[in-house]
Amino acid sequence: MRPHLRPAITTIGLLLALPFAPASATTPIFDAHLHYRPAVTETFGIADVARTLASNEVRSAIMMTPDPALMRRLQAGTDTRLVPFLEVSQRLGRKMDWMHVEDLGDRIATMLDTSEVRWQGLGEFHIMADDRFAPGFEQLLDLAVERDLTIMIHGDPAVIDHAYATHPEVRILWAHAGSYAYPPLVRDYLERHPRMNMDLSMRNPRINPGGNIDDDWFELLLEHADRFMIGVDTFTAHRWKQYTRLKDETRAWLQQLPDDVARAIAFENGERLFPAR
Ligand SMILES: [Zn+2]
């Protein structure tokens, strides 16, 4: 195990030692993993989204939705700068087998061309290793490169390797730091695929077990501080209602990182990778 720079001080110790909360308690957030789906609108409206994001200091965010009209209403109704991603698989009603839809590339191109939203990405796409050779995945990668769109992939390591073997230019955001979020594996993928970045949504328990940041994660986050983003993954209305608690669980480990690393992961990376267009 390599030596690391972890300060010998706990968060509680730090809070007691300082007369004020660390800067990271109010650091703005770039949330790299928001969903807002038509089924959620009745129980959690756009005003609720706007209020939730504002009260949690979410300055900008990747917002995924299948519905362009809903995206425009979200953009009009919130102060948070939203980076729009088109949720193709939701739109097709094909969460796990979208890659087998015939002429998928042409269908996505038509969705993009007939909408007034300036989409900056596509996804989230769930895909297992066995489906990586499907023609629809190939077409998706072609289109992402051609139109300079980032794709959010929730999938196996073999999917990422295959994507970069055939499309070295493609920009991938690997959801949840991949299907097997173990620091040595994550490090290996970051080093081999420089155009891939990672969102850490759903990984609070692994990163911060029992409220103390895991040593291997701590080292990895410092080593590759410019490649990670946080997210809450609001895939249901319930997750939206739990937003503050889930985000606070993320802030609890961000606060154990050096301030410059915490700021990079909390918002600077997202704002650099997805500037206002
Ligand atoms: Zn998701």
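Four donors around a metal count as tetrahedral if all angles lie between 85 and 135 degrees, and as square planar if opposite donors are over 155 degrees apart and all others between 65 and 115, while anything else is irregular. The views below are taken from a predicted model.

**View 1. The zinc ion and its protein donors.** The zinc ion has as its protein donors H33 through NE2, H35 through NE2, E124 through OE and D233 through OD, and these lie 2.1 to 2.6 Å from the ion. Along the sequence the donor residues follow the spacing H-x1-H-x88-E-x108-D. The angles subtended by the 4 donor atoms run from 84 to 171 degrees, and the arrangement is therefore irregular. For comparison, ideal angles at a metal are 109.5 degrees for four tetrahedral donors. Two of the donor residues can also be described by their accessibility: H33 is buried, because its relative accessible area is 0%, and H35 is buried as well, with a relative accessible area of 1%.

**View 2. The cis peptide bond before E124.** Most peptide bonds are trans. The bond that joins G123 and E124, however, is a cis peptide bond, with omega at about 20 degrees. E124 lies in strand β4, which covers residues 121-127, and E124 is also one of the protein donors of the zinc ion.

**View 3. Two residues with a positive phi.** Most residues other than glycine have a negative phi. E57, although it is not a glycine, has a positive phi of about 60 degrees, and this residue is found in the loop between α2 (46-55) and β2 (58-65). H176 is likewise not a glycine and has a positive phi of about 60 degrees; its place is the loop between β6 (172-174) and α8. Which of the words buried, partly exposed or exposed fits E57, and which fits H176? E57 has a relative accessible area of 40% and so is partly exposed, whereas H176, with a relative accessible area of 6%, is buried.

**View 4. Helices α7 and α8.** Two packed helices are described by the angle between their axes and the distance between the axes. For helix α7 (residues 157-166) and helix α8 (residues 183-192), the axes come within 12 Å and cross at roughly 10 degrees. As angles under 35 degrees count as roughly parallel, α7 is roughly parallel to α8. In this contact, P157, I160 and D161 of α7 meet L185, Y189 and R192 of α8, and the residues divide into 4 nonpolar, no polar and 2 charged.

**View 5. Helices α5 and α6.** The axes of helix α5 (residues 104-113) and helix α6 (residues 135-146) come within 8 Å of each other and cross at roughly 40 degrees, which makes α5 oblique to α6. From α5, the residues L104, G105, I108, A109 and L112 take part in the contact, and from α6 the residues G136, Q139, L140 and L143. These residues of the contact of α5 with α6 divide into 6 nonpolar, 3 polar and no charged.

**View 6. The surroundings of N269.** N269 lies in helix α13, which covers residues 259-273, and this residue counts as buried because its relative accessibility is 2%. When its neighbours within four places in sequence are left aside, N269 is in contact with A225, D226, R227, F228, M229 and A264.

Methods:
Residues are numbered from 1 along each chain as its sequence is written. This is a predicted model: local features need pLDDT of at least 70, side-chain atom pairs count only at pLDDT 80 or more; totals for chains, interfaces and linings use all residues. Side-chain values use heavy atoms; hydrogens and water are left out. Donors are N, O and S atoms within 2.8 Å of the metal (3.2 Å for Na, K and Ca); water is not among the atoms, so sites may look incomplete. Four donors count as tetrahedral if all angles lie between 85 and 135 degrees; four count as square planar and six as octahedral if opposite donors are over 155 degrees apart and all others between 65 and 115; anything else is irregular. Buried means under 20% relative accessible area, exposed over 50%, partly exposed in between (1.4 Å probe, protein chains only). Axes are lines fitted to C-alpha atoms, for helices over the stretch in contact, and angles run from 0 to 180 degrees between N-to-C directions. Helices (H or I, at least four residues) and strands (E, at least two) are DSSP runs, numbered from the N terminus. Angles under 35 degrees count as roughly parallel, over 145 as roughly antiparallel, 65 to 115 as roughly perpendicular and the rest as oblique. Contact means heavy atoms within 4.5 Å. Ala, Val, Leu, Ile, Met, Phe, Trp, Tyr, Cys and Pro count as nonpolar, Asp, Glu, Lys and Arg as charged, and the others, Gly among them, as polar.
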